[in-house]
Amino acid sequence: MSKDDDVVQSNKPAGGWGSLKGIASISVEASASPTALDTLRRMNKPGGFMCNSCAWPKPKNYSAFEFCENGAKAVLWELTTDRCTPEFWDRHTVHGLRSWTDHELEKTGRLTHPLRYNAEHDRYEAVGWADAFNDIATELNALEPESAVFYSSGHAGLEASYLYALMARLYGNNNLPQSSNMCHETTSVGLKKVIGSPVGTIVWEDLEEADAFFFFGQNPGTNSPRFLHPLKDAKKRGASIVTFNPIIEQGLVAFVDPQSARDMATGRETKISDQYHQLSSGGDVAAIMGICKHVIEADQAAQRNGEERIIDVAFIEKHTQGFDRFLASVEAAAWEDIEAGSGLTRVALKEAADTYMAAERVIGVYGMGLTQHTHGSVNIGLLVNLLMLRGNIGRPGAGVCPVRGHSNVQGQRTVGIAEKADLVPMDKLRELFDFDPPTEDGVNIVEMVEGLLAGTVKASICLGGNLLRAVPDQHRMEDTWTRQNLTVMISTKLNRSHLYPGKNAYILPCLGRAEVDEQATGPQAISTEDSFSMISGSTGRRSPASEHLKSELAIVAGIAKALLPPNPKVKWDEWTADYSQVRDLIEQTYPDDFRDFNQRLFEPGGFYRGIGAHERIWNTPEKHALFTTPEKLTSLGFDPGPGRYSLLTMRSNDQFNTTVYGYSDRFHGIEGTRDVLLMHPDDIERAGFEKGDVVQLITDLDDGVDRRLGGLVVTPYRIPPGTVASYYPECNVLVPVTHHDELSKTPGSKSVPVRIERERA
Ligand SMILES: Nc1nc2c(c(=O)[nH]1)N[C@H]1C(S)=C(S)[C@@H](COP(=O)(O)OP(=O)(O)OC[C@H]3O[C@@H](n4cnc5c(=O)[nH]c(N)nc54)[C@H](O)[C@@H]3O)O[C@H]1N2
Ligand SMILES: Nc1nc2c(c(=O)[nH]1)N[C@H]1C(S)=C(S)[C@@H](COP(=O)(O)OP(=O)(O)OC[C@H]3O[C@@H](n4cnc5c(=O)[nH]c(N)nc54)[C@H](O)[C@@H]3O)O[C@H]1N2
Ligand SMILES: [Mo]
């Protein structure tokens, strides 16, 4: 048998019956309420609630089922009938639960009561809300404001997020790191640097007009499945899709539309990618330089022959700076270095360049495959270069499309969750709330971790998320996390972060997105901003999982009211009673973005906030879009060599970040386990391993810290030599906190230098 016969792979299309089976099995696994499927029908439609999963936009003309496998799983997981009540702690200690998997922890069900940690018994116990708020306030007031951090994961709506950021500033700091610090911070910083916009430039209509999509390190089949519908339509009208990804992602190969009765009955697949380039991890800088080199060569040939130019000279002259320098670097780049850096041939890159040049309108799509590298912001600069060569930005059917993660991760940034003071209209806050906002920058996630390790961070408040499991250097964090004076987690389900309580520790359970949010003036709506900067209202209608839950906004206001001195301009109770008052404040703070916020809340498809770069307005200091010149032909922060691999931390189709729904990653062909190490068959042979060997990964960085993860089964896989892959979040113990993008400090989770040792055959 040839070693290729051993290679694990999936040939399942995205969507299709597999996605319905996926939804059905999660419905059982989550013990979802029998009426949960009715709730799914109201999802992502005006008057309904907005998906609590990813940030992919909702079309204006929605279909009967405007949800995907991913969203359905997230909702069913939230609408479980399982409950994690205070009695659970009669049977379990916090230390005892540390051996549980992420899946088992969340599987205990929805949290029902506010809880306080009792160190003597090593358990959480029920506590009244008022006591919890007062105790938290006492602890925070005993600290210097700079030693407390207010983290948020991108779930909470705009209203709660605005108040959360206001609370931190009234308390006295800008310590407002967010999950995007581990995710698209490279976009917020890198894209802003080159086009003056921290977010993508396209809107829904552009998807309908593009002639070609170039995918760099984004996986729609798993992470934003509703994207597959406009891609299917694009393929129908003859558009091309070109993909760059070290791993074959089935969603980028083929799709059977689960919403089309015909496709489902006949199994008719839409082929997604016309070209699939399996580049090496971190190979994008070289790959894009190669495509640009072909384009420039074609342009020079056209010039020589007196033909129409290939590059958009008028756009480059009027709108950009730095082109000449970039041109010189493209000319200087040698093909052999481009091939070595990308792992792709010159011929393959020519094929991509030809498709790029043949298309009138091109959209560049990207995700974590570009952002999570030590030179992630260079990746993004180069993708923008490629688009700018032919004026593919700020015109219909063209632009740059970073696909965001959490449903409101982008919106939280828009309304003030920002650790950088100059991103926030502090004058407006001063005027509205009659105080002096802090002017010093706060900490991002990397700086928070450094602060925890140094002992300068003494309290963490977490609005959602599972920070301890999502951050780099997880083992080092576990120790230091418990040394804090205070940890507060606002959560829906039990997770690993709860098992490392600070000296004073609280779990505050909140309502889910699909649940009725009843306040003094009646049921409330909240709002979110998607990847296309569209703002949509969301109204939950389900009965809350427990009568003791509060909304995220009410919890934030409850802490704030106990924490802060009275201020006649700051009306926590009134705002909690009526969220439309908070929307008025958001509009007053950001009048350009949120004009007539309350009136426009339920516009189909949401209302557009408006992005400068979409109109070719470049809000950079230079007032132009900037070409980036790379220093090296790689986005890796280390030199790979024999025995030294680049580890890519990946997502399964059966997880949402640290929430592990189950163990069926059908798109990667991995079933029943997450403890795998995917390797190229030649690498397996060279290393002297065999399929099925159990190995450990050791981070190959000489900084005196021993980072290792064992128990991984060697699995032959279609992955480039030199690149290996294993699942996130398990691999977070291997990611050094210092291993991050230079500009934005986003951890380099897609290229961690590792060695591999055999544990047993
Ligand atoms: N089901 C599900 N949906 C999710 C999530 C989830 O965990 N599960 N998470 C949500 C969140 S918060 C986010 S941010 C998004 C994440 O969504 P994505 O941005 O799609 O994130 P990943 O799957 O981590 O990585 C994307 C792709 O990058 C590829 N890649 C890795 N290294 C490289 C490289 O060097 N170059 C290139 N070109 N590609 C590379 C990987 O193989 C992978 O296919 O999804 C959101 N939606
Ligand atoms: N190695 C590696 N590390 C990574 C990544 C990677 O690709 N590789 N990806 C990074 C990325 S892109 C991200 S975004 C981060 C994610 O980091 P986080 O956002 O911190 O983590 P999540 O897993 O999304 O958080 C899950 C928890 O959120 C809570 N929750 C769920 N719904 C709600 C809600 O509606 N309200 C509230 N208050 N809580 C809720 C539940 O208690 C659940 O346990 O991880 C990052 N870490
Ligand atoms: Mo993310």
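## A buried tyrosine and its partner

Let's start inside: Tyr 356 has 0% relative accessibility, so this residue counts as buried, the cut-off being under 20%. That number comes from a predicted model, as does everything else here. Phe 214 gets the buried label too, because its relative accessibility is 1%.

Now for how these two rings meet. Trp 77 and Tyr 661 are both buried as well, but we'll come back to them. Phe 214 and Tyr 356 make an edge-to-face aromatic pair, with 5.8 Å between the ring centres and 90° between the planes. Phe 214 sits in strand β7 (residues 212-216) and Tyr 356 in helix α18 (residues 346-358), so the contact links distant parts of the chain, 142 residues apart.

## More rings

How many aromatic pairs turn up in a search of the whole structure? The count is 23. One of them is Trp 77 with Tyr 661, again edge-to-face, at 5.3 Å centre to centre and with 75° between the planes. Trp 77 belongs to helix α3 (residues 69-78), while Tyr 661 is in the loop between β26 (659-660) and β27 (664-665); the pair therefore ties together parts that are 584 residues apart in sequence.

There's also a cluster to look for: ring pairs link Trp 56, Trp 204, Phe 215, Phe 227 and Phe 532.

## Arginines over rings

Two tyrosine faces have an arginine over them. Arg 98 lies over the face of Tyr 500, 3.9 Å from the ring centre. Over the face of Tyr 727 you'll find Arg 674, at 4.6 Å from the ring centre.

## A three-stranded sheet

Moving on to the backbone, there's an open sheet of three strands, ordered β1-β9-β10, with mixed pairing. β1 (14-15) and β10 (270-271) are the edge strands, each pairing on one side only. Strands of a sheet pair through backbone hydrogen bonds, and they can do so parallel or antiparallel.

How do β1 and β9 run relative to each other, parallel or antiparallel? They run parallel, with two bridges joining β1 to β9 (residues 254-256). If you want a spot to zoom in on, try Ala 14, whose bridge partner in β9 is Phe 255.

## The annotated domain

UniProt, in an unreviewed entry, lists residues 110-491 as "domain: Molybdopterin oxidoreductase". In the model, the chain over residues 110-491 is 46% helix and 14% strand. The end C-alpha atoms of that stretch are 9 Å apart.

Conventions: Residues numbered from 1 in each chain as written. Chains lettered and ligands numbered in written order. Predicted model: local features only at pLDDT ≥ 70, side-chain atom pairs only at ≥ 80, totals over all residues. Heavy atoms only, no water. Pairing = 2+ DSSP bridges. Helix = DSSP H or I, 4+ residues; strand = E, 2+ residues; numbered from the N terminus. Phe/Tyr/Trp six-rings, centres within 6.5 Å; stacked < 30°, edge-to-face > 60°. Buried < 20%, exposed > 50% of the residue type's maximum accessible area, 1.4 Å probe, protein only. Lys NZ or Arg CZ within 6 Å of the ring centre and 35° of its normal. UniProt positions renumbered as here; feature names shortened; annotations may be inferred.
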